[in-house]
Amino acid sequence: LLRDVHGLMVAPEPVTRRRRLLWALSLAALLIGTLALYWPSKDNFLTGEDAWNWVLEGDRLLKGEGSPWADSGDYFRHQNAQRVLGTLSWAARYGIFDLWMPGWHIPGILFYAFTGVLIALVCRGVGMTRPMALAAAALFLLAPNNVHAVIWIGGVYDRLLCLFLMGTLFAFQRRSTAWVFLCALLALLSKETGLMVGPIIAVYWWMFDRSADGWRTGFRRLIPLVVATLVVIGLRLWQVLDAGSVDQAGLPGRSLTFDAWALLIHGPGCVALSALTPFFGRAAGVEFVVPSVQPLSAGLLLGGLLVVFLVVRHRKHLRSVLFPLSAAYLTVLPLVVMEENGRALTEEMLLHSPRYLLAPMLFGCWLLPLALDGLKRSWLAPAILLPLLLFSTYQSIVGVQRLSRPVSLGAEVAKHVLDGRLEATVPLDVYTNTYDDPSLRFLLSRWMAESRAPIRIVQRGSWDAIVRSPSPTIPMDFGDSYIALEPGVGWPSAP
């Protein structure tokens with residue numbers, strides 16, 4: 001097997017119909033394999049306040065009501081323009097699929113799978129062989145660290161960002177001005193990290209296209225990126241100034257900061273970990289690292305050794321190494337200059353939020369294939385990559401299985417209540433031990449809004465009650481406002 005793979009890797013690559021077909025089938029295999037890997041999670045029910053808050057956002061937008069982030073004003077004035085694409089997806093999914101969960105999950109899985117295909121295409125555009133380009137894409141798609149970001153509904157912001165960032169780079173390689181502008185604009189509207197799409201493309205042009213284009217042509221090619229960035233930044237500044245603060249403009253608890261430790265240690269650490277995610281990562285709460293080793297320190301050490309090896313091997317073509325390193329760090333930069341609820345990025349936050357590594361991994365996954373590409377003993381490449389990909393696949397399967405929960409306890413309780421109700425207009429007290437379960441509260445309150453019947457959810461033992469509130473009380477979490485606020489609904493009072 002290794003000898004056959006070795007022959008494939010060192011063989012010349014004439015452009016033939018058969019080779020094109022094999023390449024297309026390989027890309028299709030990436031799509032189908034990713035969909036198969038994450039298929040068990042398609043029925044996962046919504047859990048947690050965040051997920052139900054997104055349902056509420058979609059519901060209020062479809063009904064023409066104001067933003068749940070503010071007590072007054074129209075929807076888009078108070079909705080973070082740099083995340084509006086993901087937010088609009090909640091309304092689309094809720095309007096089309098209601099609470100049919102495959103309609104919520106499958107599009108996100110496909111976003112992720114197509115991102116992997118774009119990685120393979122972009123890697124080919126910078127000169128990687130087909131097997132190494134496919135290996136880079138597979139390392140990204142099969143990384144156990146990405147399981148949570150793909151399965152979690154809220155990971156759509158990161159998935160959309162990655163899809164359109166790589167789409168921008170692919171369109172730039174193909175010199176398609178219209179697609180560059182469109183993909184860059186969509187990346188900028190997906191998440192704040194989208195601000196880095198312009199610098200990343202500029203670095204790419206400097207390293208790969210500058211000598212062929214010349215300055216005038218280069219500036220002309222970069223103009224769509226500048227225009228898209230200025231449009232989104234201008235819109236975001238208008239929102240913040242109009243709302244009076246970032247908190248009221250759809251991004252509560254975040255602010256800019258300067259932390260030298262985060263810039264010099266945590267930033268490079270993210271880049272290192274993004275290249276080593278088969279070894280370092282989290283899936284279903286399991287850390288794939290020797291417990292006695294600090295992941296960030298070990299990542300910096302092994303990542304540093306990998307970079308040194310790459311620089312020595314590719315010293316005559318350093319751009320092939322420097323570009324993915326630079327691009328990966330640029331995707332981390334918004335994280336290391338961000339302060340969330342008064343705290344800068346720490347190793348603990350990094351390890352407990354695996355989605356933070358999704359964007360840098362777009363480029364970190366290039367490094368290992370680059371290190372193995374063109375070795376004199378080329379059988380070493382498949383000998384290393386195949387077991388590594390099998391190990392990553394196994395760990396990802398374990399993570400997907402552990403995070404696949406079709407029904408939540410709160411949803412089951414709500415189903416029993418709704419199936420057993422007698423009169424929709426009769427005031428209802430629900431006594432339950434799952435008092436604070438958001439699925440229970442949202443499902444029952446949605447029924448209450450539709451039937452115009454009051455519900456009071458009472459915790460057994462303490463006899464505390466949760467009732468529907470006519471307006472959000474906490475900007476960070478509008479869970480108590482629930483679904484479809486309407487004047488005139490009878491609001492029961494707590495005892």
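This is a short talk on one helix pair and two loop residues in a predicted model.

I'll start with the helix pair. Two packed helices are described by the angle between their axes and the distance between the axes. Here the pair is α4, residues 84-97, and α8, residues 156-173. Their axes come within 9 Å, and the crossing angle is roughly 115 degrees. As for handedness, the crossing of α4 over α8 is right-handed.

Which residues make the contact? On the α4 side they are Leu85, Gly86, Thr87, Ser89, Trp90 and Arg93. On the α8 side they are Val156, Tyr157, Leu160 and Phe164. Sorted by class, this contact has six nonpolar residues, three polar and one charged.

Now to the loops that come after these two helices in the chain: α4 to α5, and α8 to α9.

In the loop between α4 and α5, with α5 spanning 101-125, we find Asp98. Its phi is positive, about 55 degrees, although Asp98 is not a glycine. How accessible is Asp98? The relative accessible area of Asp98 is 35%, so this residue counts as partly exposed, the range for that class running between 20% and 50%.

The other residue is Arg175, which sits in the loop between α8 and α9, the latter covering 177-188. Arg175 also is a residue other than glycine with a positive phi, in this case near 55 degrees. Its relative accessible area is 46%, so Arg175 is partly exposed as well.

To recap, the α4 and α8 axes cross at roughly 115 degrees, and positive phi values are found at Asp98 and at Arg175.

Conventions: Residues numbered from 1 in each chain as written. Predicted model: local features only at pLDDT ≥ 70, side-chain atom pairs only at ≥ 80, totals over all residues. Heavy atoms only, no water. Axes fitted to C-alpha atoms, helices over the stretch in contact; angles between N-to-C directions. Helix = DSSP H or I, 4+ residues; strand = E, 2+ residues; numbered from the N terminus. Left-handed = near helix turned anticlockwise from the far one by under 90°. Contact = heavy atoms within 4.5 Å. Nonpolar A, V, L, I, M, F, W, Y, C, P; charged D, E, K, R; others polar. Buried < 20%, exposed > 50% of the residue type's maximum accessible area, 1.4 Å probe, protein only.
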